[in-house]
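Reader: Hi! I'm new to this one, could you walk me through it?
Author: Happy to, here it is.

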Amino acid sequence: MKETASLATPSAPARAGLPAETLPVGIFAILAVLPLLALLTGGGYLISLGARVMIFAIAAVALDLLVGYGGLISFGHAAFIGLGAYAVGILAAHGISDALISLPTALAVSALYAFLTGIVCLRTKGVYFIMITLAFGQMAFFTASSLAPYGGDDGLTIAARSTFAGVPLIKGEGAFYYVVLVCLLGSYLFCRALVASRFGRVLRGAKESPVRVAAIGFDVYRFQLASYVIAGTLGGLSGFLLANATEFVSPAYMSWQRSGELIVMVLLGGVGSLDGAIIGTAAYLLTEEWLSGYTEDWKVIFGPVLVLVVLFARGGLIGLATSLFRLTRFLRRTGTHFAGKRYVRRLGRG
């Protein structure tokens, strides 16, 4: 415990002097009141857009657990989203639409796939790990594309959203929105507790120096495999919600482009910050929504912006906010210092 305690590092807001709870409380407070604002403004589309942001935020938080805290850059994370979504779609095609069955199935399938592929992937390091996760992701993509009885390349339409013990609890947009919010909050709190635990300290230590952590007596491979399975399971949860949100399943859910977008979301918000994963997802999807209204080639505009963020805001949007907070605090202290000097001089002249 003494060895692993030294591996703990404070979050970005804490280092900046901000209360650790301020940012997440603000994020979830905004998400909680968004449907109310949508009702007041008559913008019902905001509810579905907010639900979409939160669904992908769950996957981004799970990916940040791997990338930011474990140093495992997975380029096939979207495969877990697709597996969770197809579990819902295939069961619905056979007349099974109860979430008490489809949700555990989606989680179990994603966890099993993560376990089986993780056993192989985690035997590699660096760019080899990136490429082998990409290869497994593409295997899942082409497998889904070849499922002719379930739509193949065209995808599979789901007749209706999942029920809970036969009750259509998430049929309405508002009810579904708050179910997604609860899932995001649960995923965030779970990952946050995991990162702060002994497990998380070992995972972060293995990112910095796996040899040292192994010398202390921890099995780095098992810890990384467990984190990989956890991230895959949360990806399956995201897929379950995505299938119910769109009432449609497509192989595109697990394409390498989607995995790349998830990595961009994590980078944009700030790697190694669960709050940043949520903020990065919101920033990416809202920017996509805004720019796509002007041009189909919105990524041409967004690309240079992302490059600037990576170059000049190394900690993503969270790091940029931290730097601005420090600068503001410095200017306030400096201004007070100079104002005090001027006041003393005036007293001396008087």
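Reader: So how many helices and strands does the protein have?
Author: The protein has 15 helices and two strands, taken as DSSP runs (helices H or I, at least four residues; strands E, at least two) numbered from the N terminus. This is a predicted model, where local features need pLDDT of at least 70 and side-chain atom pairs count only at pLDDT 80 or more, while totals for chains, interfaces and linings use all residues. Residues are numbered from 1 along each chain as its sequence is written, and side-chain values use heavy atoms, leaving out hydrogens and water.

Reader: Thanks! What share of the residues is buried?
Author: Of the 350 residues, 46% are buried, meaning under 20% relative accessible area with a 1.4 Å probe, protein chains only.

Reader: And which residues of helix 9 are buried?
Author: Helix 9 (residues 198-208) has eight of its 11 residues buried: F199, G200, R201, V202, L203, R204, G205 and A206.

Reader: Switching topic, what does L184 touch?
Author: Leaving aside residues up to four places away in sequence, L184 touches F28, L31, M54, A57, I58 and I278; contact means heavy atoms within 4.5 Å.

Reader: How far apart in sequence are the residues that contacts join?
Author: Among contacts between residues at least 6 apart in sequence, 79% join residues at least 24 apart.

Reader: One last thing: how much of the protein's exposed area comes from carbon and sulfur atoms?
Author: Those atoms supply 69% of about 17400 Å², using the Shrake-Rupley method with a 1.4 Å probe.

Terms used: Buried means under 20% relative accessible area, exposed over 50%, partly exposed in between (1.4 Å probe, protein chains only).
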